[in-house]
Amino acid sequence: MRPAALSYLASRSDILGTSHRKPPVRELIGRVQSMLAELYDLPDGYEVVLGNGGASLVWDMATFSLVEEKSSHGVFGEFSRKFAAAAKGSPFLADPDIVEAPAGTVALPKVGDADTYAWAHNETSTGVIAKVERLGEGLMLVDGTSAAGGTTLDVGETDLYYFSPQKNFSSDGGVWLAFASPAAIERAAKVEESGRYVPQILNFNAALSNSRKQQTLNTPSIATMLLMESQLRWMLDLGGLEAVAKRCRRSSNILYRWAEAHTFAAPFVQKAEDRSPVIATIDLDASIDATYLISVLRDNGILDVDPYRSLGRNQLRIGCYASVDPEDIEALTDCLNYVVERL
Ligand SMILES: *Cc1c(COP(=O)(O)O)cnc(C)c1O
């Protein structure tokens with residue numbers, strides 16, 4: 001988190017503790033919505049919708065509220081897998097189509113008779129970025145959680161591009177935000193009219209009608225929204241999404257180039273175009289114990305460069321989110337060299 005965002009939060013004691021039905025909070029939600037629309041140059045008819053629960057909740061919400069009969073999933077890591085599992089577990093949907101790819105590669109959903117297609121823009125678990133473009137007829141639901149605010153996107157290629165604010169937006173968790181197309185809005189109304197039981201907290205229509213009033217169904221974390229507001233303003237001042245994406249790409253490229261320049265390291269993702277600009281995964285040679293290396297870094301104040309736990313690789317995974325200074329990434333590679341030379 002940028003220190004300036006934390007100072008901004010501390011300075012807004014006038015709003016912390018206010019009911020979310022009161023104008024100051026609704027105005028705050030409205031500012032976040034309009035800055036997101038500006039950052040993403042939102043196409044006509046698209047709306048910024050939000051609610052409590054985070055991106056994980058959206059998988060269940062979409063299963064209840066947006067998939068009509070059948071979904072099709074691209075699974076290439078832990079996050080895209082969870083959405084596929086939610087759809088598969090649903091008693092009122094047909095078995096989903098699932099295309100699964102080995103870790104470190106991309107899987108896009110199979111085009112067939114599904115009415116909804118789902119995949120992740122960026123698999124945070126493996127450091128793989130996927131294309132975002134329309135695959136067929138139906139709704140395109142794209143998990144943008146670690147990509148949003150760190151890489152460019154044509155929102156018109158999606159019907160629900162959803163994300164949590166704790167990654168590139170350097171805020172806290174607990175909220176989901178989404179760009180919803182007219183088709184997604186229409187679909188949710190149709191599903192509700194069909195008479196399906198939809199719990200309120202998982203009802204997209206309830207989230208939409210609250211969002212249109214700059215509110216959420218139930219009380220949101222105001223601190224989360226203030227941090228998000230500060231980050232959005234910073235991103236727009238920096239020059240918008242292109243500028244932020246360039247900054248993230250610069251950070252991750254430092255790491256990929258570092259890995260390629262050393263015999264003991266290599267980018268985990270083989271195909272250069274699949275390498276994430278926001279999450280760099282670097283494999284280490286078996287002669288270097290990554291767990292030990294990470295513990296030495298930790299003892300020296302360099303935290304959280306661990307691989308995704310269930311991937312089980314001898315690997316480093318480094319967040320190159322918008323707030324991370326590329327100079328710090330450069331310094332990290334110097335630290336890595338220093339430690340590795342002394343192992
Ligand atoms: C972090 C992450 C999530 C989970 O977000 P929560 O806010 O914890 O629900 C989902 N998808 C992706 C791609 C993520 O990176």
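**Helix α1 and the cores of a predicted model**

P3 and A10 are exposed (over 50% relative accessible area, 1.4 Å probe, protein chains only), and both lie on one side of helix α1. This is a predicted model, in which local features need pLDDT of at least 70 and side-chain atom pairs pLDDT 80 or more, while totals for chains, interfaces and linings use all residues. Residues are numbered from 1 along each chain as its sequence is written, and side-chain values use heavy atoms, without hydrogens and water.

Helix α1 covers residues 3–11, and its buried residues (under 20%) are A5, Y8 and L9. Because their arc around the axis, taken from the directions to the C-beta atoms, is only 100°, they sit on the same side of α1. Against what do the buried residues of α1 pack? Their partners are α2 (23–39) and α7 (222–238), with contact meaning heavy atoms within 4.5 Å.

I turn to the interior. The largest nonpolar core (buried Ala, Val, Leu, Ile, Met, Phe, Trp, Tyr and Cys joined through side-chain atoms within 4.5 Å) has 55 residues. L36, Y40, Y161, F163, F169 and F179 have the most contacts inside this core. Helix α7 supplies its largest share, eight residues. Beyond neighbours within four places in sequence, F179 is in contact with residues including L36, Y40, Y161 and F163, and also E47 and D159. A second, separate core of 27 residues includes V49, A178, A180 and I185.

Overall, the protein chain holds 10 helices and 12 strands (DSSP runs: H or I, at least four residues; E, at least two; numbered from the N terminus). Of its 343 residues, 57% are buried.
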